[in-house]
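Thank you all for coming; I would like to walk through one model with you this morning, beginning in its interior and moving outwards to the strands.

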Amino acid sequence: MTKLYVARNPRVAARSLDGEMMIMSGRDSTLFTLNKTATILWQSADGHTSLDEIVEQRICSEFAVEPAMALQDAETLARELASHEILNISEQPIAQKTPVDGESR
Amino acid sequence: MSGLLEEVAAKALRLNVPLNVQLDLTYRCNERCVHCYLDHDDHGEMTTAEIKHLLEEMADAGVFILTLSGGEIFLRKDFFEILEHARRLMFCVKLKTNAVLIREQEAARLLDLGVESVQISIYSHRPQVHDAITLVPGSLKRSLDAIRFLKSQGLKVIIANVLMTENMSDYTGVRALATELGVECTLDPTVTPMMDGNRSTLNLGVDQNQLRQVFRDASLVGDVDEFCAIPAEPGESELEATPCSAGHTACYVSPYGEVFPCVQFPFPTGNVRRQRFVDIWRHSDQMNEVRSIRVKDLATCTSCTHVSNCTRCPGLAYMEGNMRGPSSQDCEKSFARTGVPSANMLAKKRVAANLVQIRAISASPGAPVSGAIA
């Protein structure tokens, strides 16, 4: 199976509020809020950890979910976030753009 | 406000998170707007390092929307360094500027750094009016050129049009100009007293007749009958509501590190040079005092017809002498909208009437022959 890599889009604005991310799209200032699972995916999206590693290390360890199903859900979510230009998605590791490197709090 | 933003604001209020902060980077300015409330000297602005540290504290405290304003922000030589740091911390950054110093290169850099919007003050579509307000010849042309540079980069630009007697007849021209440039336009008839308490700038504001005209312009307010309707009696929830977001989900930081509930509410609550931002936000007695006020606590306003939809600004009320009192400028707005005087206006009228006492004229020689003002 092809590995997928995800990276936070440095053009968005983001902040954690009570454990859930608020994200404002850099494209059109649309506001999104992510639930706790999507927030974990966002916070782990460093461009060099693959999606299956994120699912295994961060999601399956925290939620009692079956890994294959969790990976499938995570990929759907990642593609949806990518469609809103919140995440960048690639089959290769993604180098974070500098100087804005997407430090997330 | 969008539904989701309202939800987020309600959550921030519940969790005591300062969602929205305006940080003025400097009070220095390259314009001298006649109505400006600031003193433009530098009394010891925060250094680059101090501001970067503050931004980190604000990010940790949960601040999401960061408005960088002044003074003129581009007068700070470290402006882009500060902006870059703010974006690295993933703030949603909005800028307020006169844009005189924005050329193609600056516009491109702002796009690159992912600024959410740039708000630019435009007072008139006519140079002779705009430049007479900024007191800088050629300033309208410079600002409009900047808007075009920003738009050509695809940035969101908002024209802010402060309405005064001097430019009252030009707001339709400014709105047409905004449409032509493809940018948003906001209109604000509020002139603020100077931060040192000097209220002379208020004389520049629009008068009651002009306010009435603005509030009956359907192109601005939509349904005039609805906008100008006398509000319904307030319910329990309206009386339990907080007066505005100042001190609840928003605050203001001056170039000297002073923290206030809002840029229009100069009630000192602490200084980030001596305390952590989050400690001021959470524990300052002054911030908590502002936070404790509910609409039902506003002595004069609670009995006012307009209480349920008044635009009352607690900061303007504070500058009038009582943060729990009315803000006369907003009383004037409610009156202009509905034709019904506010409780504050009626009380002032009663006091004025009580000051004039006509004494009976005595027939005896040497007695007063006319009324006297007590």
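Leu66(B), once its neighbours within four places in sequence are set aside, is in contact with Val21(B), Leu23(B), Ala86(B), Phe91(B), Cys92(B) and Val93(B), contact meaning that the C-beta atoms, placed from the backbone, lie within 7 Å. Please keep in mind that this is a predicted model, in which local features need pLDDT of at least 70 and side-chain atom pairs count only at pLDDT 80 or more, while totals for chains, interfaces and linings use all residues. Residues are numbered from 1 along each chain as its sequence is written, and chains are lettered from A in the order in which they are written.

Leu66(B) is also among the residues with the most contacts inside the largest nonpolar core, which has 113 residues; such a core is a set of buried Ala, Val, Leu, Ile, Met, Phe, Trp, Tyr and Cys residues joined through C-beta atoms within 7 Å, and buried means that 20 or more other C-beta atoms lie within 10 Å of a residue's own. Helix α2 (residues 48-61) of chain B gives this core its largest share, six residues. A second, separate core of five residues includes Cys301(B) and Cys304(B).

Turning to the strands, which like helices are DSSP runs (E, at least two residues; for helices H or I, at least four), β5 (residues 157-162) and β6 (residues 184-188) of chain B pair in the parallel sense over five bridges, where pairing requires at least two DSSP bridges. Within that pair, Asn161(B) has Leu187(B) in β6(B) as its bridge partner.

How values were computed:
Buried ≥ 20, exposed ≤ 12 C-beta atoms within 10 Å, placed from the backbone. Contact = placed C-beta atoms within 7 Å.
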